[in-house]
Amino acid sequence: MTKPYEAVGLTEKEYKKIVEYLGREPNELELNMYGVMWSEHCSYKHSRALFRHFPTSGKRVLQGPGENAGIIDIGDNLAIVMKIESHNHPSAVEPYQGAATGVGGIIRDIFAMGARPIALLNSLRFGDIENSERVKYLVDGVVAGIAGYGNCIGIPTVAGEVYFHDSYNGNPLVNAMCVGIIEHDKIFRGNASGIGNSVMYVGAATGRDGMGGASFASVELTGESEEKKSAVQVGDPFMEKLLLEACLELLETGSIVGLQDLGAAGLTSACCETATRGEGGMEIDVLKVPRREKGMLPVEVMISESQERMFLIVEKGREEEVKRIVEKWGLHAVTIGKVTGNGRLIVREGDKIVADVPAYSLDSSGAPRYYREYEEPEYYSELKQLDLAAIPEPGDYNKTLMELLTSPNLCSKEWVYRQYDHMVRTSTVVKPGSDAAVLRIRGTRKGIALTTDCNSRYCYLDPRAGSAIAVTEAARNLVCSGAKPLAVTDGLNFGSPEKPDRFWQFREAVTGIGEACRELDTPVISGNVSFYNETETQAIYPTPIIGMVGVIEDIDKHCTMHFKDEGDIIILLGETRDEPGGSEYLARIHGLERGVVPRLNFGLEKKLQAFILSAIEKGLLKSAHDISEGGLAVAMAECCMERELGAKVQLETPLRTDAVLFSESQSRFIITCSPEKLVELRQLMAQQEIPHEILGEVGGEELKIDVNGKNIVVLKVKDMKEAWRGAFGCLMS
Amino acid sequence: MKFGVIVFPGSNCDIDCFHAVKDALGHEVEYIWHDTEELDGFDCIILPGGFSYGDYLRCGAVARFARIMDAVRTHAAAGKLVIGICNGFQILTEAGLLPGALVRNKNLKFICDTVPLRVETTDTPFTSLYKKGEIINIPIAHGEGNYLVDEDTLKKMKENGQIVFTYVDNPNGSMENIAGVCNEQKNVLGMMPHPERACEEILGNTDGLRLFESIIAAVESESVISAQAVKNRHTGTRRKSAMETSRSKPIAFTQKEELLHD
Amino acid sequence: MKAKVYVTLKKSIADPQGNAIQNALRKLGYTNVEEVRIGKLIELDLGDITADEANAQLVKMCEGLLANTVIEEYKFELC
């Protein structure tokens, strides 16, 4: 027979800890509250211990991890609020609503800090789209769900990534990131301070939907998961739009002491999080909570994850004022309890006390903390072996390049982002399709650049190096847009932490992110951990998604990756090495996922990033693009697409032709400048000792690449573009 | 010259319209809350894009009952200017201020893109500064922009020059590639594309500016209230209410026994 | 008194959702499916009123809000 604590996902040891906290056996409601709060999703019990690897402070950091979202200063009394969060398991069983409510949840985290949400991003991973109808169904639903929510609420979805790999066949990843803007003096934290202050509830009524979603996120997916559809919530973006506007208006009045969204673990989590951040006690009455269904039990009310609900701590005596403003937006606010000073979370059902626990004991500070066992997986050293000599060189490089450009991972994602309103709020200066999105900050000269990044094949082959590369590439994307990278939010998606080889991946990845963030001075200010991303047969590739923000001091000086004018000079920065390991080329063309991932040299990286920023700042560059998946050849092709401008380049190299075209050596960029600026640019490169090579010039209708004097690639840009743009639509039909 | 931007619950392009007028054109503009009763002092009313009332039931179906809509009708009947953009267009058709209806895009997907439009007529207060036949690039962002109207009305609209913008490459299945239409009096315009998103260099597109400049020119030359408009003051194209409906055949109301049920 | 209102696109109006579902059904092997039309079912609890009152109200509701008679038709039943 299942023990009561097992039914709520706890171990015997954890149960004993609860008894210790309470000095008695918990009742059913209390046990359920601990069950959801001590799930990995809420307590980070398996991962917390490793977070010390992350740099989380810095002179620009106004709020690090631990709050609803992180905050980074961008100057002029302005700050950016951001966070990424996963909604993987809900999206696996009901893609539209799973993705939609993922977006809804992350938006609430941002406005709970008092910020106006200004942009959404998303990072998606799916299985083998070429051979699975199920994957197509998931892609279609997830994209429509993200669009349905973001478009309706009127926050532009400005950037993101979509990748495919067999390891995601049974477990797709849907990570949503939201970015908001706030003035320093308006930053708000979810504190429940002021004994006697009222606890108010605003938004949708509480139903039985999403029961135990937090614990659902903390188990592996099985065939039964389909039946767990009841754990998936239904999103109402219209309600959220009203909530957002009402909350921002309420914050202006000064009547609100604390604001918290009701997300994972619902009311239970909101009560204990606000209480432990404040004076430490709270008392609420479940009978006062608006309900959608009759006959709901206290436990159902306390752990429901119904969407679009907010939790307010209101200064005593100002409840009517709050109600008036909320009603203007067509919503209702009800008082459900009050702040106390006794450190206890007391739940009543009318006159009857139905739960009484120390508030901190539910919270992550009171939850158990595990130091999991880890073990290097067997594949790790085996897969490092790669015999390049055994790999035949392609006979026709035109064909190979076209094959890469039309592959699921490298083709244009226009089919996806065309469904997202990426222009609403009229601040999107660089739209999806370049290295990073750029937004202007209205009323200032400033802009911000945003990106998400992660190459999970690298992270599988070498989690530490792969994660460091993810951070570095995100920074490169921003730098190519003319933005100085400032901070990171990380979405860490892994398999079960209870399996030592998976936990080793996690541990390595966290270390790699920490190293890179320290090197690049981009602290981690918020994030999310999603474990148990595996099915009975396989775990996902480790996927630590890096969301990054950067600032552009003068928005007129932003830059994009696209070639601009005939005659512009094309320059390659950095060094191309014989590093085909883990490349898209090896995987796609030769079916090999092995080798040593490209080496990252932070010294060179930082030098190049600083150089590009200064060159953009000085107005010397016409375009800048970092070289990543697909190597130099794919990067060149990408630069040609938007304006349908060809290029003629010559490469001199001792390397194999496929290595020079498709190696993914790190710290490389393709930049262009007008011929008049070349002298000045060269001086700057010489001064800063930038390794570079002048490759050729922009122009014509073809992309022509010569290697060692011999023509290797010649493709009509128009044909390349048509195939590259159309590929995704073909995959989906 | 003063613009008013109506804010319905769920409007989300209200701020874009506001800033286009204020920042890009330097004209006076105010937000108008949906339960306001009067529109005195406004020369041009903008019904912005977004998802009024969540677009639940049908896009614009609930917004047409907002208190402000009576004032919008009065404003339009007086020959003053009204422009509905995207969701605003949907609201105007639901309210009967413009003919036709907007249904789901043919591909069933939301489409956000910048698309070429042909200016079909410059004989309106909204397009006088464009050239007839000119191609302009304007962003679209909608899931239900597929314009439909019955053949008789379409014929009349064509004769009367009420087709204002058409798509060069039809993105959504719209009848006759229609992107924007006006009423008979030409003082009410509805369009799915978003001119307010194309008013600033920094956004890479200024093709929408002349639409607003045309409005300003029209109001400032006081040529808006044409004799025709005044004459037609109380006979606008508002859809008849249920009580007024007269139909040649019985409405599609079926008795209980004819219905599909056990 | 309870009522069910059915709102569908008029026959003359293209129904892309219906077409998509038809195609999906055909793919699933139901090749005999000749047409699919998608509509809305709206359930109302009208409280304590007579059938005549309900009929009169429902016509007004449908004409005024529940259906857009430019593109849609409706029918309802009391139950």
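In this predicted model, helix α7 of chain A and helix α25 (residues 717-732) of chain A pack with their axes 9 Å apart, at an angle of about 115 degrees. On the side of α7(A), the residues that make this contact are K136(A), V139(A) and D140(A), and they meet F728(A), L731(A) and M732(A) of α25(A). Sorted by class, the residues of the contact of α7(A) with α25(A) are four nonpolar and two charged, with no polar residue among them.

The helix α7(A), which spans residues 133-153, also meets helix α9 (residues 237-253) of chain A, and here the two axes come within 9 Å and cross at roughly 35 degrees. The crossing of α7(A) and α9(A) is right-handed. G148(A), Y149(A), C152(A) and I153(A) are the residues that α7(A) brings to this contact, while α9(A) brings P237(A), F238(A), E240(A), K241(A) and L244(A). The contact of α7(A) with α9(A) is made up of six nonpolar residues, one polar residue and two charged residues.

Elsewhere in chain A, helix α15 (residues 397-405) and helix α22 (residues 631-641) pack with their axes 10 Å apart and at an angle of about 70 degrees, which means that α15(A) is roughly perpendicular to α22(A). Their crossing is right-handed, and the contact joins L401(A), L404(A) and L405(A) of α15(A) to A633(A), V634(A), A637(A) and M641(A) of α22(A). Seven nonpolar residues make up this contact of α15(A) with α22(A), with no polar and no charged residues.

From the packing within chain A, we can turn to the way the chains meet one another. There are two pairs of chains in contact, and of these chains A and B share the most contacts, whereas no contact joins chain A and chain C, whose closest C-alpha atoms lie 12 Å apart. Between chains A and B, 31 residues of chain A are in contact with 28 residues of chain B.

The size of an interface is often given as the accessible area lost when the parts come together. For chain A and chain B the buried area is about 2500 Å², and carbon and sulfur atoms give 60% of this area. Of the area that chain A buries against chain B, 25% is supplied by F238(A), R418(A) and M423(A), more than by any other three residues. One of these, F238(A), has already appeared in the contact of α9(A) with α7(A).

Charged side chains also link the two chains, and the count between chain A and chain B is five salt bridges, while the count over all chains comes to 62 salt bridges. Among those between chains A and B is the pair R440(A) and E200(B), whose side chains meet at 2.8 Å, N to O. This pair runs from strand β15 (residues 437-440) of chain A, which holds R440(A), to the loop between β11 (188-191) and α5 (209-220) of chain B, which holds E200(B). In another salt bridge, the side chain of K109(B) meets that of D140(A) at 3.1 Å, N to O. The residue D140(A) thus returns the reader to α7(A), where D140(A) takes part in the contact with α25(A).

Terms used
Residues numbered from 1 in each chain as written. Chains lettered and ligands numbered in written order. Predicted model: local features only at pLDDT ≥ 70, side-chain atom pairs only at ≥ 80, totals over all residues. Heavy atoms only, no water. Axes fitted to C-alpha atoms, helices over the stretch in contact; angles between N-to-C directions. Helix = DSSP H or I, 4+ residues; strand = E, 2+ residues; numbered from the N terminus. Parallel < 35°, antiparallel > 145°, perpendicular 65-115°, else oblique. Left-handed = near helix turned anticlockwise from the far one by under 90°. Contact = heavy atoms within 4.5 Å. Nonpolar A, V, L, I, M, F, W, Y, C, P; charged D, E, K, R; others polar. Buried area = accessible area lost by both parts, 1.4 Å probe. Salt bridge = Lys/Arg side-chain N within 4 Å of Asp/Glu carboxyl O.
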